[in-house]
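Colleague: Please pick out a single part of this model for a close look, and then set it in the context of the rest.

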Number of protein chains: 2
Amino acid sequence: MDAKEYLMKTSRELDGPIRRYIGDEEPANLIEAARQYPYAGGKRMRPAMVLAAAGAVGGDISKAVPLAVAVEYIHNFTLVHDDFMDGDEKRRGMTTIHVAYDVPTAILAGDALFAKAFQIIAELDVPDRNMREVLRYVTQAVWDLARGQEMDINNERKIVSEEVYIETIRLKTSVLFAAAAAGGALAGGADDRTVKALHEYAMALGLGFQIFDDYLGVAGDPAKTGKSVGNDIRKGKCTVMVTHAIRNIKDPRTLEEFKGILGNADATEEQVARARSIMENAGSIAYGRQLAKEKVDEAVSKLDILAPGEHKDFMIALARYAIDREV
Amino acid sequence: MDAKEYLMKTSRELDGPIRRYIGDEEPANLIEAARQYPYAGGKRMRPAMVLAAAGAVGGDISKAVPLAVAVEYIHNFTLVHDDFMDGDEKRRGMTTIHVAYDVPTAILAGDALFAKAFQIIAELDVPDRNMREVLRYVTQAVWDLARGQEMDINNERKIVSEEVYIETIRLKTSVLFAAAAAGGALAGGADDRTVKALHEYAMALGLGFQIFDDYLGVAGDPAKTGKSVGNDIRKGKCTVMVTHAIRNIKDPRTLEEFKGILGNADATEEQVARARSIMENAGSIAYGRQLAKEKVDEAVSKLDILAPGEHKDFMIALARYAIDREV
């Protein structure tokens, strides 16, 4: 099972359903703005997780399709708001909503996608009890996403502990993956133990994915990742590698030097290379990679509860892919 | 039954519950920001509507309290976002969130209140089927609120038809009132016919309330309303009185003069008085008052389905109060 192929296939299959829930209503500018991100495609990993979980527990995948759409709308709602907050002007080559339209339209398009997602959940063709459970997971995720984004903003250019960093990425990245997996399992009619296991799988996978992303940001090939190695260092992003380095650099002057480069927006290429080499020598880059691997192993171990099958295979492949990629 | 007294009583009773659902979590600045508007009090008309509807259908009011809190959170979420979009710096004497904290915190505090409202709805102690119905009404209302706010922005300084204006205030004001009434009735265990009647009551009441507000903006005593008579005229707000005037002014030069003053931010007091007198002569101010009265009469007529009692009395009194106030 090739994870990327599975993702491409489900992304294509979702093209129709994703266009089904936002009808032509007034005002047209708001409706258009709300449609832009979901219609544009992308990897659609979260809805793929919903469908895979429903299939992996032996459920009827077609009943999970509306939930997959709802989860993607929620992801898109947070992107629209975050792009405005972060001042980003481009996403996937498109002009972001607050630039292409205006700021109020971006806020409202986000709010509207959020509302639409819960409208879809209210209509899920699953037993009422399961619908209520889905609602619990998804609302908790959205609450946590807001907390994670605020923590991320609060952490900017600060040295925070590994614990705080992990909690931030858990809230920003993992919780919606986890809600997608748990929700898909519930839509597929899974028992509580299986739902919980898939929730834990996706939570750990989200962490592994983000930690490996940070690893690629420092150790990856900029020609492939499209991200300059200096990006995270100049922004002072307090990844697990950075906090590891700060804990493990023995020489006080080296530590001082490292902290001086970190978060310095004007750091030269030489300084960035020096910071990277300090992290390398402290074993911090290897530590980051190792931690990502541990999270992914933890994720995969949760899948023992599932019977064999293509959806389980995808979930394993996706986890392996998270730490075996160059971009 | 004095509507204001009932509102003050329920607002006080809601003080505790409103503080019950947002625990001390990280990050503290987001949690504080999310608490500010709901904790600050105010009329709390929407949650009062939830409780009155639950009581009026003979239900257990205590089971509707969490929904009342959820509806107030949703109202507050829209206020936080709208205050930012409208550039308002004060609300009820407090500094608004995007000013007191910052813009991202205001966006996220709104999103968080929205998520929390649906978390509360997921836990409602009512039959699953009723919970699902509540979810339908409330999600539709939030979707409509976003459309209404966008339409309101689109309408600024434009002459729109009475139909468009009424649709805008229906979306901006009535839909959440209507969801509150329908939701309260569902939490109280009402049958579908009663739920629908209370939904229609609150929808018409919301229109009557807003149309009378516009009437007070032109015909009210500024010393009491706290709003200069020129406010709406200088902003070019296209109320039902304004569209009535445009339809009914016979003399082309008077019409020209009226349109010249409307939406002129620098209009003098004399010009504002002239515009008002033109509307008066065209019968437009009386028309606005009459239309508000008709909406309220329509609202009250929907309550025939209810058995007599203090909650029904409040709902009638609230409707009468909507068009019998000076502020």
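Modeller: I would begin with the packing of helix H3 (residues 45-56) of chain A against H4(A), where the two axes lie 8 Å apart and the angle is about 155° (axes are lines fitted to C-alpha atoms, for helices over the stretch in contact, and angles run from 0 to 180 degrees between N-to-C directions). That angle makes H3(A) roughly antiparallel to H4(A), a word used for angles over 145 degrees, with under 35 called roughly parallel, 65 to 115 roughly perpendicular and the rest oblique. The helices are DSSP runs of H or I with at least four residues, numbered from the N terminus. This is a predicted model, in which local features need pLDDT of at least 70 and side-chain atom pairs count only at pLDDT 80 or more, while totals for chains, interfaces and linings use all residues. Residues are numbered from 1 along each chain as its sequence is written, and chains are lettered from A and ligands numbered from 1 in the order in which they are written.

On the H3(A) side the contact consists of Arg46(A), Pro47(A), Val50(A) and Leu51(A), and these meet Leu67(A), Ala68(A), Val69(A), Val71(A), Glu72(A) and His75(A) of H4(A) (contact: C-beta atoms, placed from the backbone, within 7 Å). By class, the residues of this contact of H3(A) with H4(A) are seven nonpolar, one polar and two charged; Ala, Val, Leu, Ile, Met, Phe, Trp, Tyr, Cys and Pro count as nonpolar, Asp, Glu, Lys and Arg as charged, and the others, Gly among them, as polar.

A second packing in chain A joins H2(A) and H6(A), whose axes are 9 Å apart at an angle of about 70°, and these two helices are therefore roughly perpendicular to each other. From H2(A) come Asn29(A), Leu30(A), Ala33(A) and Ala34(A), while H6(A) brings Thr105(A), Ala106(A), Leu108(A), Ala109(A), Ala112(A) and Leu113(A). The contact of H2(A) with H6(A) comprises eight nonpolar residues, two polar and no charged.

The loops hold some backbone features. Pro27(A) sits in the loop between helix H1 (3-18) and H2 of chain A, and the peptide bond leading to Pro27(A) from Glu26(A) is cis, with omega near -5°. In chain B the bond from Glu26(B) to Pro27(B) is cis as well, with omega near -10°. Arg157(A), in the loop between H7 and helix H8 (162-187) of chain A, has a positive phi of about 55° although it is not a glycine.

As for the assembly, a turn of 180° with a shift of 0.0 Å along the axis lays chain A on chain B with an RMSD of 0.0 Å. That is the relation of a two-fold axis, and in chain A the C-alpha nearest to this axis, 2.8 Å from it, belongs to Asp128(A). The contact between the chains takes 36 residues from chain A and 36 residues from chain B. In chain A, helix H2 (28-39), helix H4 (65-86), helix H6 (103-122) and helix H7 (128-155) each supply at least two residues of the side touching chain B, with the largest share, 17 residues, coming from H7(A). That side of chain A divides into 18 nonpolar, eight polar and 10 charged residues. Of the interface residues of chain A, 100% are also interface residues in chain B, so the copies meet through the same surface.

On confidence, the predictor gives the complex an ipTM of 0.95 and a pTM of 0.96.

Note on methods
Copies are superposed by least squares on the C-alpha atoms of residues with pLDDT of at least 70 in both. Two residues are in contact if their C-beta atoms, placed from the backbone, lie within 7 Å.
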